[in-house]
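Biologist: Please pick one small part of this model and walk me through it closely. After that, show me how it connects with the rest, and explain each term as you go.

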Amino acid sequence: MIKSAVILFLSAFLGGILAINSIDIISKNIKHLLVFAGSFLFSVTIIHILPEIFEAGEDHLHVGGFILLGFFFQQVLEYFTDGVEHGHMHHHHKGEEGHTTLKSISLMVALSVHGFLEGTLLAHPGSVHADHTEGTLLAGIIFHKIPAALALISVLACQYKSRKTQLILLTIFALASPIGVFTGHFLGDFGLLDSTGMVLLFAFVSGNFLHISTTIFLESSPGHRWSSRKLIISLFGAGLAVLSEMIF
């Protein structure tokens, strides 16, 4: 639990630190990283999360309903985040007034909610995750977390010129998922959520993941143009997810 929380924090924080110093270079090369991350995350959701929650859940209609709720809840969150959580980079333009303080606050709240929810997936009660370790799932969240941190810095750089302010907000973002990990364990270990409640929580978050990963694919192909490179990267991401699931 502690190891997972530390790794999640570092992946987001160090990804943001990297962006602060090289945002222009990263913004030009992030598309391929996003395609890989989206493919890996989508594959982890399909082969790891969904089978487990449907196996653990007694009422499949309720499980499916919470997956749909999570999917559409993520769509609501994106109204406030402008797609930062799936790596949508923002660039500053002269005279731009879109990034107000209120918008920055709503962005941080929405991203923190999302990060908190995905962190809860790494709480592994035996009633849900009896047959798997968290290695593949943790990797999927990390691959998603890094481009999200890069994109967040691109937004914060528009609003705040102070590096100190950028670092404080980046730290808040990086802490959200670790807090989710500890909260998920707390809810499960102390019986505040029974096995059914944990299954439905995980179903809700898996709906978030489905929305994010499929959106990455859509945004990476403007005009739905064919790209053999994108296909190869996608297949590599999916194959790596399957391989890691078999190993771990």
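## A close look at Ser-11

Modeller: Let's start with the neighbours: leaving aside residues up to four places away in sequence, Ser-11 touches Ile-142, Lys-145 and Ile-146. A contact here means heavy atoms within 4.5 Å. Before we go on, please keep in mind that this is a predicted model, in which local features need pLDDT of at least 70 and side-chain atom pairs count only at pLDDT 80 or more, while totals for chains, interfaces and linings use all residues. Residues are numbered from 1 along each chain as its sequence is written, and side-chain values use heavy atoms, with hydrogens and water left out.

Where does Ser-11 sit? Ser-11 belongs to helix H1, which covers residues 2-56. Helices (H or I, at least four residues) and strands (E, at least two) are DSSP runs, numbered from the N terminus. Ser-11 counts as buried because its relative accessibility is 10%; buried means under 20% relative accessible area, exposed over 50%, and partly exposed in between, using a 1.4 Å probe and protein chains only. A polar atom of the Ser-11 side chain also lies 2.8 Å from the backbone oxygen of Leu-8. That is the sort of pair to look for as a polar contact: N or O atoms within 3.5 Å, where within protein one must be able to donate a hydrogen and the other to accept it, and residues adjacent in sequence count only if both atoms are side-chain atoms. In general, an α-helix has 3.6 residues a turn, so residues three or four places apart point the same way.

Now let's look at helix H4, residues 135-159. H4 has 25 residues and spans 36 Å from its first C-alpha to its last, close to the 36 Å expected at 1.5 Å a residue. The expected span is 1.5 Å times one less than the number of residues. Of the 25 residues of H4, 19 are buried, so this helix is largely enclosed by the rest of the structure. One residue of H4 is Ala-151, which counts as buried because its relative accessibility is 0%. From C-alpha to C-alpha, Ala-151 and Gly-15 are 9.5 Å apart in space, although 136 residues separate them in sequence. Another link is between Ala-148 and Leu-111, whose C-alpha atoms are 9.2 Å apart with their positions 37 residues apart along the chain. Leu-111 is found in helix H3 and, at 0% relative accessibility, counts as buried too.

Next come the aromatic rings. Rings of Phe, Tyr and Trp (its six-membered ring) pair if their centres lie within 6.5 Å; planes under 30 degrees apart count as stacked, over 60 as edge-to-face, and the rest as tilted. By this rule there are seven aromatic pairs. One of them joins Phe-36 and Phe-236: the ring centres are 5.7 Å apart and the planes meet at 35°, so the pair is tilted. Phe-36 is in H1 and Phe-236 in helix H7, so this pair ties together parts 200 residues apart in sequence. Phe-36 is buried at 12% relative accessibility, whereas Phe-236, at 54%, is exposed. Phe-40 and Phe-143 form an edge-to-face pair, 4.9 Å centre to centre with 80° between the planes. This pair links H1, home of Phe-40, to H4, home of Phe-143, across 103 residues. Phe-40 is buried at 1%, and Phe-143 is partly exposed at 25%. Phe-36, Phe-40, Phe-143 and Phe-236 form one aromatic cluster.

What about the wider setting? The chain has seven helices and zero strands, and buried residues make up 50% of its 248 residues. Among contacts between residues at least 6 apart in sequence, 84% join residues at least 24 apart. A nonpolar core is a set of buried Ala, Val, Leu, Ile, Met, Phe, Trp, Tyr and Cys residues joined through side-chain atoms within 4.5 Å. The largest one has 54 residues, and those with the most contacts inside it are Ile-53, Leu-137, Leu-152, Phe-173 and Phe-209. H1, the helix that holds Ser-11, gives the largest share of this core, 14 residues. As background, nonpolar side chains tend to be buried together in soluble globular proteins.
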